[in-house]
Amino acid sequence: MTLREKLAQLVGVWVGANDEGGEVAPHQHEMEQPPDLDELLPHGLGQLTRPFGTAPVDPALGALSLQRSQQRIAAANRFNIPALAHEECLAGFAAWGATAYPVPLSWGATFDPGAVREMAAAIGRDLRSVGVHQGLAPVLDVVRDARWGRVEETIGEDPYLVGTVATAYVQGLESAGIVATLKHFAGYSASRAGRNLAPVSMGARERADVILPPFEMAVREGRPRSVMHAYTDTDGLPSAADEALLTGLLRDTWGFTGTVVADYFGIAFLKALHGVAEDWADAAGLALASGVDVELPTVKTFGAPLLDAVASGAVPEALVDRALHRVLAQKAELGLLDEDWSPVPAALAGADPGEPETLRGLVDLDPPANRALAERIAEQAVVLLRNDGTLPLRRPARIALIGPNGDEPTAVLGCYAFPVHVGGQHPKMPLGIELPTLREALAAEFPGSELRTVQGVTVDGEDTAGIAEAVRAARAADLVVLALGDRAGLFGRGTSGEGCDAASLDLPGRQRELLDAVLDTGTPVVVTLLAGRPYALGRAVDEAAAIVQSFFPGEAGTRALAGVLSGRVDPSGRLPVSVPAHPGAQPSSYLAARLGQASEVSSSDPTPAYGFGHGLGYTEFTWSHLTVETGESGTDGAFRVAFELRNTGDRAGTEVVQLYLHDPVASVVQPVQRLVGYRRIELAAGAGCRIAVELPADAASFTGRDGRRIVEPGALELRIAASSTDTRLTAPLRLTGPVRAVDHTRRLHPAVTVDQL
């Protein structure tokens, strides 16, 4: 291959599929002028960026457009190599008409990796069916400051929860033949003040013990084939130029063998934003040497600038060959280099491409099975924060639905859902999927109730004139359902989403005033939240009849919420992030050390209103009969404990058993407690089970003073809990023997067995 042919395999082109089935066209975007395909394609092309996710197209015609483009790409270059097509899939395939699943923060709320694996497999099958090869998900960033706009894209504030759920997503996506892409590697979520793409100031120990473990787990157990670097710099070193991270740790230590792709425009940012590169060629050389293999979303630094740099000897061609080998090996693995490769995707097998209009409607990306799965996950993700006994509702005669999210179809969607991410730019285009509003869901759930809907205020507006009408409606009702929360958007066009960072965790706009005014009426108020992050809820924590939290639960989210209110659905979600008591109590996390807790020497109290892992149901569970079978172990051994769990209520329910480790004395400061295991347990009324746990000593490991991960002897405490703030049983443990160094081959999980009683 010529140098130019080699480089062509290391770049993408941002395109949009044609809604009439014609070839894709370069996307006109604000960052760069699109390239000339006639000039580019004779040398080849590495990737097609978001052919379905750039503009609304009928899925069948989009698949035909991609098919014809792949034929052109393969025919245009000497080696007949097609492009690899990638799409976003943060909450489902980001395409017109595709299922909108709950956002990742809701995945975390389920505490159910199995359901997430099933969802990811379904998403992968849909991607594969129309000719897509790679999905840009999951996000493994651990929440460090809930003011960050992209909290909705994360799985939670605990690295073990993030790691287990994200690994399940990777396994599901890869099982369908789709290349999963871990992002953002690493530290993006730890930016100062929760600002998007801001500097990161964390130390090496926080990075090693909080930020990196989810990626390590996913690489080891999920076997993803791609990783995306983060935009941010950590202590002055941008991730895209961090050879120790992208090559030393990821490849040499963890054994990753796939491709590292650039976050969009991230290589150019080495010059434009970070100031560590003098020109585009310098940026390209830095990224390539560090281990970035593919420039996305479109050709910029890896084009003419890198061509000239290699030709002049400034950048070794061996670095190009290294990246090229990885890219072509992945294409070979996907079958794109096979002699019998066909551009025809499975969804169009046997279809007549000569009459494109006859294909319209042929491909269904939101079939009944998808919708049922989306609804099941949405139901599992709803978190009941507070309940004074009002829920489940007993068929109230008059319901006042008040608030900005009561009658808004897209209130259930995050910023990467297609109707929000792209659809907003095409207001005349139908949404493509059914998005019942909360008003419609409540009307269906409570057909005998009189339902009055009043907006009161908008999500983030300053007009309070509608509060008076809301108060009148509340006083005339038997019950108020108060629909608060966010509007997803991009770069300031919403209150949650990429670039929509918050100055505080107060409810956006004038929603707090609406909440207070409705509470003042004395009518029982059930607060519901359709949001992308947790918010301080003020008086509602003590005065609301109930609080029901959901994190952008997807297309079936309002039905799930209504089902929880009626009791048709038993709430079983648990908080993947803490809900603050005060809007300014950030940055904080349950993973705080002792100095991060409330104290008498500071007037700022970070204690949450509802801690990580919290969630109520409609039945009661008792935890009892703890036995510590092995309470002392060497630093290379394991502990064994067992206990009983029983549903003592009058209906079936789900408990999420959470295991937290407390290390009272260590050689470096440790969080007061951290999650080391969990299990969802469903029990019928009156049923019980015996739960046995084998916890490896490796679970107690942390990064020591010399930078090595170690297990050291001493006393420990295993807290068997319903949440981080609700310990039910405590097992004293002790590690003995010498300090032991461990690495990425250590045991990551406890063994948990459940036997029915």
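Which residue of strand 14 does Ile399 stand opposite? In this predicted model, Ile399 faces Leu479, and View A starts from there.

**View A. Strand 12 and strand 14 run side by side in parallel.** Strand 12 covers residues 398-402, and strand 14 covers residues 479-485. Four bridges hold the two together on paper, with Ile399 set opposite Leu479 of strand 14.

**View B. Six strands make up an open sheet with mixed pairing.** Read across the sheet, the order goes 11-16-15-14-12-13. Strand 11 (383-387) and strand 13 (450-454) sit at the edges, so to say, each pairing on one side only. From one strand to the next, the twist averages 15°.

**View C. Helix 17 packs on the sheet.** This helix takes in residues 511-519. Look for its contacts with strand 12, strand 14 and strand 15 (525-531). Compare the directions of helix 17 and strand 14, and you get an angle of about 170°.

**View D. Helix 19 lies across strand 14, strand 15 and strand 16.** Here the helix is residues 557-566 and strand 16 is residues 546-551. Helix 19 runs at about 155° to strand 16.

**View E. Strand 28 pairs with strand 27 and also with strand 20.** Start with strand 27 (residues 714-723): a hairpin takes you from there to strand 28 through two residues. The two strands are antiparallel and share nine bridges, and Gly714 has Leu735 of strand 28 as its bridge partner. Now turn to strand 20, a short entry at residues 632-634. Its pairing with strand 28 (residues 726-736) is parallel, over three bridges. In that pairing, Gly634 is partnered by Thr736 of strand 28.

**View F. The second largest pocket holds about 640 Å³ of space.** Its lining counts 28 residues. If you want to find the middle, go to Pro159, Asp209, Val210, Pro671 and Arg674, the lining residues that lie nearest the centre.

**View G. Several elements contribute to the lining of the second largest pocket.** Helix 6 (159-175), helix 7 (204-222) and strand 23 (674-683) each give at least two residues. Helix 7 has the largest share, with seven residues. What is the mix of nonpolar, polar and charged residues in this lining? Sorted by class, there are 15 nonpolar and eleven charged residues, along with two polar ones.

Key. Residues are numbered from 1 along each chain as its sequence is written. This is a predicted model: local features need pLDDT of at least 70, side-chain atom pairs count only at pLDDT 80 or more; totals for chains, interfaces and linings use all residues. Side-chain values use heavy atoms; hydrogens and water are left out. Two strands pair if DSSP finds at least two bridges between them. Axes are lines fitted to C-alpha atoms, for helices over the stretch in contact, and angles run from 0 to 180 degrees between N-to-C directions. Contact means heavy atoms within 4.5 Å. On a 1 Å grid over the protein atoms alone, a cavity is a set of points where a 1.4 Å probe fits but cannot get out, and a pocket is an open set with protein on both sides within 12 Å along at least five of seven lines; lining residues have an atom within 4 Å of a point. Grid points are joined across faces, edges and corners, and a volume is the space filled by probe spheres set on the points. Ala, Val, Leu, Ile, Met, Phe, Trp, Tyr, Cys and Pro count as nonpolar, Asp, Glu, Lys and Arg as charged, and the others, Gly among them, as polar.
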